[in-house]
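I sat down with this model today and kept short notes as I went. Here is what I looked up, in the order I looked.

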Amino acid sequence: MARRNDRRKREDISAERIEILFTLAEKEAVSGDLGQANYYVKSARDICTRTKTPIPGFLKRKFCGGCGHFLKPGVNCRTRLDSRHKRVEVTCGDCGRVSHYPYVREKKEEG
Ligand SMILES: [Zn+2]
(Lines give C-alpha, C1' and ligand atoms only; values in the text may rest on other atoms or scores of the structure.)
Protein backbone atom coordinates (compact mmCIF):
# COMPACT_ATOMS: atom_id res chain seq x y z
CA MET A 1 0.00 0.00 0.00
CA ALA A 2 0.96 3.62 -0.34
CA ARG A 3 1.29 4.16 3.35
CA ARG A 4 4.83 5.50 3.18
CA ASN A 5 3.88 7.96 0.47
CA ASP A 6 0.96 9.15 2.56
CA ARG A 7 3.28 9.89 5.43
CA ARG A 8 5.54 11.93 3.16
CA LYS A 9 2.56 13.89 1.97
CA ARG A 10 1.40 14.53 5.51
CA GLU A 11 4.81 15.92 6.43
CA ASP A 12 4.75 18.22 3.43
CA ILE A 13 1.33 19.49 4.40
CA SER A 14 2.31 20.04 8.01
CA ALA A 15 5.46 21.93 7.00
CA GLU A 16 3.31 24.15 4.83
CA ARG A 17 0.82 24.72 7.65
CA ILE A 18 3.58 25.58 10.06
CA GLU A 19 4.85 28.26 7.70
CA ILE A 20 1.35 29.65 7.24
CA LEU A 21 0.82 29.75 11.00
CA PHE A 22 4.05 31.68 11.48
CA THR A 23 3.06 34.12 8.76
CA LEU A 24 -0.23 34.68 10.57
CA ALA A 25 1.56 35.04 13.89
CA GLU A 26 3.85 37.68 12.39
CA LYS A 27 0.82 39.57 11.10
CA GLU A 28 -0.90 39.51 14.50
CA ALA A 29 2.28 40.61 16.26
CA VAL A 30 2.60 43.56 13.86
CA SER A 31 -0.97 44.60 14.55
CA GLY A 32 -0.29 44.31 18.28
CA ASP A 33 -2.20 41.16 19.15
CA LEU A 34 0.56 39.10 20.73
CA GLY A 35 -1.92 36.78 22.42
CA GLN A 36 -3.17 35.64 19.03
CA ALA A 37 0.41 35.42 17.72
CA ASN A 38 1.33 33.15 20.63
CA TYR A 39 -1.68 31.01 19.88
CA TYR A 40 -0.51 30.52 16.28
CA VAL A 41 2.98 29.57 17.46
CA LYS A 42 1.48 27.07 19.87
CA SER A 43 -0.63 25.55 17.10
CA ALA A 44 2.43 25.26 14.86
CA ARG A 45 4.39 23.54 17.61
CA ASP A 46 1.48 21.20 18.29
CA ILE A 47 1.52 20.17 14.63
CA CYS A 48 5.26 19.49 14.90
CA THR A 49 4.83 17.32 17.96
CA ARG A 50 1.94 15.43 16.46
CA THR A 51 3.53 14.80 13.08
CA LYS A 52 7.11 14.57 14.44
CA THR A 53 8.15 17.25 11.96
CA PRO A 54 11.01 19.53 13.02
CA ILE A 55 10.41 23.28 12.98
CA PRO A 56 12.57 24.83 10.23
CA GLY A 57 15.62 26.65 11.61
CA PHE A 58 14.61 30.07 10.33
CA LEU A 59 11.29 29.78 12.16
CA LYS A 60 12.89 28.59 15.40
CA ARG A 61 14.29 32.06 15.87
CA LYS A 62 10.85 33.57 15.78
CA PHE A 63 9.68 32.18 19.08
CA CYS A 64 11.06 31.76 22.57
CA GLY A 65 12.39 28.32 23.47
CA GLY A 66 11.46 28.94 27.08
CA CYS A 67 7.87 30.15 27.12
CA GLY A 68 7.03 29.49 23.46
CA HIS A 69 5.89 33.05 22.84
CA PHE A 70 6.24 34.69 19.46
CA LEU A 71 9.23 37.05 19.50
CA LYS A 72 8.72 40.42 17.93
CA PRO A 73 11.83 42.62 18.08
CA GLY A 74 11.08 45.95 19.72
CA VAL A 75 7.84 44.60 21.20
CA ASN A 76 8.50 41.65 23.48
CA CYS A 77 12.14 40.82 22.91
CA ARG A 78 15.51 42.51 22.77
CA THR A 79 17.92 41.72 19.97
CA ARG A 80 21.57 42.56 20.36
CA LEU A 81 24.66 41.86 18.35
CA ASP A 82 27.45 40.18 20.24
CA SER A 83 30.41 41.07 18.07
CA ARG A 84 32.93 39.30 20.29
CA HIS A 85 31.27 35.94 19.73
CA LYS A 86 29.94 36.87 16.30
CA ARG A 87 26.40 36.00 17.22
CA VAL A 88 23.00 37.51 17.73
CA GLU A 89 21.61 37.53 21.24
CA VAL A 90 17.85 37.48 21.66
CA THR A 91 16.34 38.08 25.10
CA CYS A 92 12.71 37.15 25.59
CA GLY A 93 10.80 39.96 27.26
CA ASP A 94 8.24 37.58 28.74
CA CYS A 95 10.37 34.97 30.50
CA GLY A 96 13.88 36.45 30.15
CA ARG A 97 15.37 33.50 28.34
CA VAL A 98 18.38 34.37 26.21
CA SER A 99 19.04 32.53 22.97
CA HIS A 100 21.93 32.89 20.57
CA TYR A 101 22.47 32.22 16.95
CA PRO A 102 25.46 32.96 14.73
CA TYR A 103 25.66 35.77 12.20
CA VAL A 104 24.34 34.04 9.13
CA ARG A 105 25.06 36.72 6.57
CA GLU A 106 28.76 36.95 7.42
CA LYS A 107 29.15 33.21 7.18
CA LYS A 108 27.71 33.32 3.68
CA GLU A 109 30.10 36.07 2.63
CA GLU A 110 33.08 34.12 3.92
CA GLY A 111 32.20 31.06 1.89
ZN1 LIG B 1 10.13 33.49 26.74
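I began with Thr-91, which stands opposite Val-98 in strand 3. This is a predicted model, so I read every entry below as a property of the prediction. How many bridges join strand 2 to strand 3? I found 5, and the two strands run antiparallel.

Next I looked at the turn here. Strand 2 and strand 3 make a hairpin with 5 residues between the strands, and Gly-96 takes a positive phi near 85° in it.

Then I moved to the other side of strand 2. Strand 1 and strand 2 run antiparallel too, joined by 6 bridges. I noted two pairs: Arg-80 stands opposite Glu-89 in strand 2, and Leu-81 has Val-88 as its bridge partner there. These strands also form a hairpin, this one with 4 residues between them. In its turn I marked Lys-86, which has a positive phi of about 50°.

I put the strands together. They give an open sheet of 3 strands in the order 1-2-3, with antiparallel pairing. Which strands are at the edges? Strand 1 (77–82) and strand 3 (98–102) are, each pairing on one side only. I also looked up the turn between neighbouring strands: on average it is 20°, direction ignored.

Helix 2 was my next entry. It has 18 residues and reaches 26 Å from first C-alpha to last, close to the 26 Å expected at 1.5 Å a residue. Which of its residues are buried? My list for helix 2 reads Ala-37, Asn-38, Tyr-40, Val-41 and Ala-44. They lie on the same side of helix 2, because they cover an arc of only 160° around the axis. On the face turned away from that buried side I found the exposed residues Gly-35, Asp-46, Thr-49 and Arg-50. Just after helix 2 comes Lys-52, with a positive phi near 55°.

Now for the core. The largest nonpolar core holds 16 residues, and Ala-25, Val-41, Phe-70 and Leu-71 touch the most other members. Helix 1 (3–30), helix 2 (34–51) and strand 2 (87–92) each supply at least two of its residues. Helix 1 gives the most, with 5 residues. I kept a general reminder beside this: in soluble globular proteins, nonpolar side chains tend to be buried together.

I checked two of those residues in more detail. Setting aside residues up to four places away in sequence, Ala-25 touches Ala-37, Tyr-40, Val-41 and Phe-70.

Phe-70 sits in the loop between helix 3 (57–60) and strand 1. Is Phe-70 buried or exposed? It counts as buried, because 26 other C-beta atoms lie within 10 Å, and the cut-off for buried is 20 or more. Leaving out neighbours within four places in sequence, I listed its contacts as Ala-25, Ala-29, Leu-34, Ala-37, Asn-38, Val-41, Lys-62 and Phe-63.

For a last look I took Asp-46, one of the exposed residues of helix 2. Phe-70 and Asp-46 are 24 residues apart in sequence and 14 Å apart in space, C-alpha to C-alpha.

Conventions:
Residues are numbered from 1 along each chain as its sequence is written. This is a predicted model: local features need pLDDT of at least 70, side-chain atom pairs count only at pLDDT 80 or more; totals for chains, interfaces and linings use all residues. A nonpolar core is a set of buried Ala, Val, Leu, Ile, Met, Phe, Trp, Tyr and Cys residues joined through C-beta atoms within 7 Å. A residue is buried if 20 or more other C-beta atoms lie within 10 Å of its own, exposed if 12 or fewer, and partly exposed in between; C-beta atoms are placed from the backbone. Two residues are in contact if their C-beta atoms, placed from the backbone, lie within 7 Å. Two strands pair if DSSP finds at least two bridges between them. Axes are lines fitted to C-alpha atoms, for helices over the stretch in contact, and angles run from 0 to 180 degrees between N-to-C directions. The expected span of a helix is 1.5 Å times one less than its number of residues. The arc is that of the directions from the helix axis to the C-beta atoms.
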